[in-house]
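Okay, thanks for coming, everyone. I'd like to walk you through the open spaces in this protein, then its core, and one threonine along the way. Here it is on the screen.

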Amino acid sequence: MTASSACPCGSGATLSACCGRYHAGEPAPTPEALMRSRYGAFALNLTDYLLATWHPSTRPASLAPDETTQWVRLEVLDRDERDDTGRVHFRATFREGRRWAVLEEASRFVREAGRWYYLDGTPSVTRLKPGRNDPCPCGSGKKGKACCIRA
């Protein structure tokens, strides 16, 4: 993926104009911007960024790269920011090989020293079984057989 590629977060902007600048070190201005950039980091396997934006009180010691998961769609369902706390409820569609699923999470964020951090979330994963004639789970609007679902 290049800086002129579409940002994985689905904003419609290029990576460099969207989440790429946060991946390069610019602080995300809102909890939603941080959540979108973290989604992009998962899609791009930027584990160092994920750890750096995870609050130290809940951050794991390490994250292994995940070459098997392909993140294909992000939907922000709700967001809220008050003073130094924030919440973002999102749905992320992904596939592992031929298996599709949706991760839905209500994430909590905290701002310290002017930077937002992911604190924690309540995730749930639902397996999808899209048919060839169903709309593609990637959100393209095409039938699955004409897009991401191959027989």
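Let's start with the largest pocket, which holds about 390 Å³ of space. Before I go on, this is a predicted model, where local features need pLDDT of at least 70, side-chain atom pairs count only at pLDDT 80 or more, and totals for chains, interfaces and linings use all residues. Residues are numbered from 1 along each chain as its sequence is written, and side-chain values use heavy atoms, with hydrogens and water left out.

Now, the terms. Everything sits on a 1 Å grid over the protein atoms alone: a cavity is a set of points where a 1.4 Å probe fits but cannot get out, while a pocket is an open set with protein on both sides within 12 Å along at least five of seven lines. Lining residues have an atom within 4 Å of a point. Points are joined across faces, edges and corners, and a volume is the space filled by probe spheres set on them.

So who lines that largest pocket? There are 23 residues, and Arg38, Phe42, Leu50, Trp71 and Leu103 lie nearest its centre. Helix α2 (31–44) gives the most, five residues. At least two each come from α2, α3 (47–52), β1 (69–82), β2 (85–96) and β3 (99–112); these labels are DSSP runs numbered from the N terminus, helices being H or I with at least four residues and strands E with at least two. By class, the lining has 16 nonpolar, four polar and three charged residues. Here Ala, Val, Leu, Ile, Met, Phe, Trp, Tyr, Cys and Pro are nonpolar, Asp, Glu, Lys and Arg are charged, and the others, Gly among them, are polar.

Next, the second largest pocket, at about 240 Å³. It has 13 lining residues, and closest to its centre are Arg98, Arg99, Trp100, Pro130 and Ile149. Strands β3 and β4 (115–128) each supply at least two of the lining residues. How many of the lining residues are charged? Seven, along with five nonpolar and one polar.

There's also one cavity of 30 Å³ or more. That cavity has about 70 Å³ of space, and its lining includes Tyr22, Leu34, Tyr49 and Trp116. β4 gives the largest share, three residues. The class split is eight nonpolar, one polar and two charged.

On to the core. The largest nonpolar core, meaning buried Ala, Val, Leu, Ile, Met, Phe, Trp, Tyr and Cys residues joined through side-chain atoms within 4.5 Å, has 26 residues. Among those with the most contacts inside it are Leu34, Leu74 and Phe90. Helix α2 supplies the largest share of this core, five residues. Leaving aside neighbours within four places in sequence, Phe90 is in contact (heavy atoms within 4.5 Å) with residues including Met35, Leu74, Val76 and Leu103.

Last stop, Thr69, in strand β1. Is Thr69 buried or exposed? It's buried, because its relative accessibility is 11%, and the cut-offs are under 20% for buried, over 50% for exposed and partly exposed in between, with a 1.4 Å probe and protein chains only. Its side chain makes polar contacts with the side chains of Asp66 at 2.7 Å and Glu96 at 3.0 Å. A polar contact is a pair of N or O atoms within 3.5 Å; within protein, one must be able to donate a hydrogen and the other to accept it, and residues adjacent in sequence count only if both atoms are side-chain atoms.
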